[in-house]
Amino acid sequence: MTAFWMTPLLLVGSNILMTFAWYGHLKAPSWPMWLAILLSWGIAFFEYCLAVPANRIGYGTFTGQQLKVMQEVITLAVFAVFSVFWLGEAIRWNFLAAGACLIAAVVFIFLPVE
């Protein structure tokens, strides 16, 4: 599989893990803080095991700026699904507007520079 496809796939996986690391514990407010932190750090380790290779594999095929914008868009998409299905929140117009702004960022960052 080429870097063009491997990079976003690894970033999706890493973002799924990081979203659970950062926000998954919100459904368990009775957990002691130390437990939420410990579990979050445990999940984050595996997130890094995907994010670091994604960026190393992708760099060269993509610029650092393109990798960052790609990661942010993937993060927003993953969080949209997570917030609806895990946290039970509704997607509101301002979330969609923010997503549209990030899509515009993708368009601009991937335009030819010359």
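Buried here means under 20% relative accessible area, exposed means over 50%, and partly exposed covers the range in between, using a 1.4 Å probe and protein chains only. By that yardstick C49 is partly exposed at 41% relative accessibility.

Some ground rules before going on. This is a predicted model, where local features need pLDDT of at least 70 and side-chain atom pairs count only at pLDDT 80 or more, while totals for chains, interfaces and linings use all residues. Residues are numbered from 1 along each chain as its sequence is written, and side-chain values use heavy atoms, with hydrogens and water left out.

**Cysteines**

Another cysteine, C101, is exposed, with a relative accessible area of 56%. How many disulfides does the structure hold? Zero, taking a disulfide as a pair of cysteine sulfur atoms within 2.5 Å.

**Aromatic rings**

Now for the rings. Those of Phe, Tyr and Trp (its six-membered ring) pair if their centres lie within 6.5 Å; planes under 30 degrees apart count as stacked, over 60 as edge-to-face and the rest as tilted. That rule gives 10 aromatic pairs. One of them is F4 with W5, edge-to-face, with 5.1 Å from centre to centre and 90° between the planes. F4 is partly exposed, at 44% relative accessible area, and W5 counts as exposed at 53%. F82 and W86, on the other hand, are stacked, because their planes meet at 25° with the ring centres 6.2 Å apart. Within this pair, F82 is buried at 5% relative accessibility, whereas W86 is partly exposed at 34%.

F82 and W86 also belong to a cluster that ring pairs build together with F20, W22, Y23 and F79. W86 has a charged companion too: K27 lies over its face, 5.1 Å from the ring centre. For that call, NZ of Lys or CZ of Arg has to be within 6 Å of the ring centre and within 35 degrees of the ring normal.

**Helix α3: a salt bridge and a patch**

Helices (H or I, at least four residues) are DSSP runs, numbered from the N terminus. Helix α3 spans residues 64-85 and supplies three residues, the largest share, to a nonpolar surface patch. The patch is made by V81, V84, F85, I91 and L96 and comes to about 490 Å². Patch members have over 30% relative accessible area and no salt bridge, and nonpolar side chains (Val, Leu, Ile, Met, Phe, Trp, Tyr) are joined within 5 Å. The areas come from the Shrake-Rupley method with a 1.4 Å probe. V81 sits in helix α3 and is partly exposed, at 49%.

Which residue forms a salt bridge with K68? The partner is E72, with the closest N and O atoms 2.8 Å apart. Both lie in helix α3, four residues apart, about one turn of the helix. A salt bridge here is a side-chain nitrogen of Lys or Arg within 4 Å of a carboxyl oxygen of Asp or Glu, and a search of the whole structure finds one. K68 is partly exposed at 47%, and E72 is partly exposed at 29%.

**Across the sequence**

Two residue pairs bring separate parts of the chain into view.

| Pair | Sequence separation | C-alpha to C-alpha distance |
|---|---|---|
| G99 and V73 | 26 residues | 7.5 Å |
| I43 and T19 | 24 residues | 9.5 Å |

G99 lies in helix α4 (residues 93-110) and is buried at 14% relative accessibility. I43 is in helix α2 (residues 33-58) and counts as partly exposed at 28%.

Notes:
Patches are made of residues with over 30% relative accessible area and no salt bridge: like charges are joined within 9 Å, nonpolar side chains (Val, Leu, Ile, Met, Phe, Trp, Tyr) within 5 Å. Helices (H or I, at least four residues) and strands (E, at least two) are DSSP runs, numbered from the N terminus.
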